[in-house]
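Me: I am new to this structure. Please show me how to read it, feature by feature.

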Amino acid sequence: MMRHLLSTQDLSLDDALLVLDTAEYMATVADRSVKKLPTLRGRTVVNLFFEDSTRTRTSFELAAKRLSADVINFSVRGSSVSKGESLKDTAQTLEAMGADAVVCRHPASGAPHRLAAWVRGSVLNAGDGTHEHPTQALLDAFTIRRRLGRIEGLSVTIVGDVLHSRVARSNVWLLSTLGAAVTVVAPPTLVPVGVEQWPVTVSYDLDAVLPGSDVVMMLRVQRERMTAAFFPTEREYARRYGLDADRLAAMPLSALVMHPGPMVRGMEIASDVADSTRSTVVEQVANGVSVRMAVLYLLLGGTREVP
Ligand code: NCD
């Protein structure tokens, strides 16, 4: 296993499967009355968040605590955070604290890569700009595999603001490594330049791809990253790219609906679809803890022999 988890683009098939298999074991811990393993006792995990996030931060925090690590939450916000210099200063502080793992979320793509060069511990990318969010993709893959029994050969459709989505990028790389056929669906303005280098099919017509999809993964429209108007109105967006009950009915009966959260109900996904039994939204959150336990365990020196 590698020392850092910075992206899924460079994650090998063997390592991806090792994380998923280890996460299966970690999930059994969640079913016990004492939800704790002694494995990372005496190790320090720092949550370094330069961008707001409750879901991902608490998920990493719970994962580290279930492995008995000491956890420090280090939240940095404000005007100086986008400057490389302040990141380096923070890295030096973390070194002085003896961090064994640094979980980093940053608004700038590539920030965790920089950090990895400056600290001795493992760096886990918890979302960097529009680049990657590897543990989200791993928990999505874990969720798909648990529900459908496999990933290889499945058709996965990723819908929405692909341009600004690190979740989409990490899923595209990971799911294609795991043998799925990935289609991205978005308005032409929200399809990234260079998408032809990705291992995906691009479509602008959601209704055309739904009947052939085993999994439909909806993305949040990332307003905070939009510097221009990418679509006319919310209503128009929902009409063409939102997942409502009619579209759910057009999907195969066994097909899953996924969303990384936070959801904008009524826009990208209708409330009744988000709450339907076909939706894995709540499972994704629970699985996130198991997958992050697996990643922390493996990066901090765990072996195939789980405790
Ligand atoms: C995602 C993120 O931050 O990239 N959310 C998350 O990790 N909880 C998706 C999103 O914000 O849309």
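Me: Which side chain has an N or O atom 2.9 Å from an oxygen atom of the ligand?

Reply: First, the ground rules. This is a predicted model, where local features need pLDDT of at least 70, side-chain atom pairs count only at pLDDT 80 or more, and totals for chains, interfaces and linings use all residues. Residues are numbered from 1 along each chain as its sequence is written, and side-chain values use heavy atoms, with hydrogens and water left out. A polar contact with the ligand is a pair of N or O atoms within 3.5 Å. Here the side chain is that of T56. R166 places a polar side-chain atom 2.7 Å from a ligand oxygen, and R220 places one at 2.8 Å.

Me: How much of the ligand does the protein cover?

Reply: Accessible areas come from the Shrake-Rupley method with a 1.4 Å probe. On its own the ligand has 320 Å², and the protein covers 95% of that. Residues around the ligand (a heavy atom within 4 Å) include R55, H133, G261 and P262.

Me: What kind of peptide bond joins G261 and P262?

Reply: Most residues other than glycine have a negative phi, and most peptide bonds are trans. The bond between G261 and P262 is cis, with omega about -5°. S68 is not a glycine, yet its phi is positive, about 70°.

Me: At what angle do helix 1 and helix 11 pack?

Reply: Two packed helices are described by the angle between their axes and the distance between the axes. Helices are DSSP runs (H or I, at least four residues), numbered from the N terminus. Axes are lines fitted to C-alpha atoms over the stretch in contact, and angles run from 0 to 180 degrees between N-to-C directions. Helix 1 (residues 13-30) and helix 11 (residues 281-299) pack at about 115°, with axes 7 Å apart.

Methods. Helix = DSSP H or I, 4+ residues; strand = E, 2+ residues; numbered from the N terminus. Polar contact = N/O pair within 3.5 Å; in protein donor to acceptor, adjacent residues only side chain to side chain.
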